[in-house]
Amino acid sequence: MTVSSYMARLKASGNDTQEAVKNISSIGNAQEILNSPSRSLVKHNDVEVYSIVSDDKKFETRRFLFVPETSIYKGEYIVHQDLTYLVTEHTIDDLYPQATGKVCNFIFPVKVAETKVIVGYNGNRPIYDTVIETVEVASVFTNKTSNLIENQPISLPDGVSIVLMPYDPTGRSNPKVNDIIKNRNAQYKVIEINYENVLVYGTIEKGYIEIRLQKEAVSIE
């Protein structure tokens, strides 16, 4: 995106004074970002756009400032410097659209189907095996949660972890309670799914879900 291509979408003179002022402000904000030497080219929903990127807590959490009228929502992905970030916060200001993203450090294997297939016969009796179909979803895996009052990370109980991942409005790639997953040399069970960060925009649901995992006693070799 260039300054000229962006400004072509705007008209400095609007239908009224308020619209004209907003358009002029949009052009100024866009120029500031697109002409900034510290701008970065990031991918938002697989589209390359310019953004001013700043570290919130080293590289694990980053803030992204976009040109005016950029629509961004919780649960979407931003790719910056080959790292994928899950949007966990965003503003609704058209002139200063910003988002906060947490780096994805885990690929969640969500079970989407389970079928039985014949793998042989014992005499005339078929022998079945279970085939599980999964989809891999880039997610945030952590052993800490935030203190809502002090906004400080606090450790979770032993064996408990949290995964943040995009919400799928079709339900297909959303995990279910009691699902079992493996992470490195451990096995976890989904014990709770929180949907409070899923919002309704008109008729569309967007956001991310918070999955609470309990570590199982059995280790995976």
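Let me start with Arg62, which in this predicted model forms a salt bridge with Asp55, where the closest N and O atoms are 2.6 Å apart. The two partners sit in unlike surroundings, since Arg62 counts as buried at 8% relative accessibility, whereas Asp55 is partly exposed, with a relative accessible area of 43%. As general background, side chains of opposite charge can pair when their charged atoms come close.

That bridge belongs to a set of five salt bridges in the structure, and I would like to show you two others. In one of them Lys206 pairs with Glu76, and here the closest N and O atoms are 3.6 Å apart. If you follow the chain, you will find Lys206 in strand S15, residues 204-215, and Glu76 in the loop between S3 and strand S4, so that this salt bridge links distant parts of the chain, 130 residues apart. Of these two, Lys206 is partly exposed, with a relative accessible area of 27%, while Glu76 is buried, with a relative accessible area of 8%.

The other bridge I have chosen joins the side chains of Glu133 and Arg172, at 3.1 Å from N to O. Because Glu133 lies in strand S8, residues 125-142, and Arg172 lies in the loop between strand S11 and strand S12, the pair ties together parts that are 39 residues apart in sequence. Glu133 counts as partly exposed at 39% relative accessibility, and Arg172 likewise counts as partly exposed, at 44%.

Let me turn now to the aromatic rings, of which the structure holds seven pairs. One of these pairs is formed by Phe64 and Tyr85, in an edge-to-face arrangement with 5.8 Å from centre to centre and 70° between the planes. It also links distant parts of the chain, with Phe64 in strand S3, residues 61-66, and Tyr85 in strand S5, residues 83-90, the two being 21 residues apart.

Are these two rings buried or exposed? Phe64 is buried, with a relative accessible area of 1%, and Tyr85 counts as buried too, at 0% relative accessibility; both values fall under the 20% that defines a buried residue, which is why I use that word for them.

Elsewhere, ring pairs link Phe106, Phe108, Phe141 and Tyr188 into a cluster, which you may wish to find in the model in front of you. I will finish with a contact between a charge and a ring, in which the charged end of Arg39 sits over the ring of Tyr50, 4.1 Å from the centre of that ring.

Key. Residues numbered from 1 in each chain as written. Predicted model: local features only at pLDDT ≥ 70, side-chain atom pairs only at ≥ 80, totals over all residues. Heavy atoms only, no water. Phe/Tyr/Trp six-rings, centres within 6.5 Å; stacked < 30°, edge-to-face > 60°. Helix = DSSP H or I, 4+ residues; strand = E, 2+ residues; numbered from the N terminus. Buried < 20%, exposed > 50% of the residue type's maximum accessible area, 1.4 Å probe, protein only. Lys NZ or Arg CZ within 6 Å of the ring centre and 35° of its normal. Salt bridge = Lys/Arg side-chain N within 4 Å of Asp/Glu carboxyl O.
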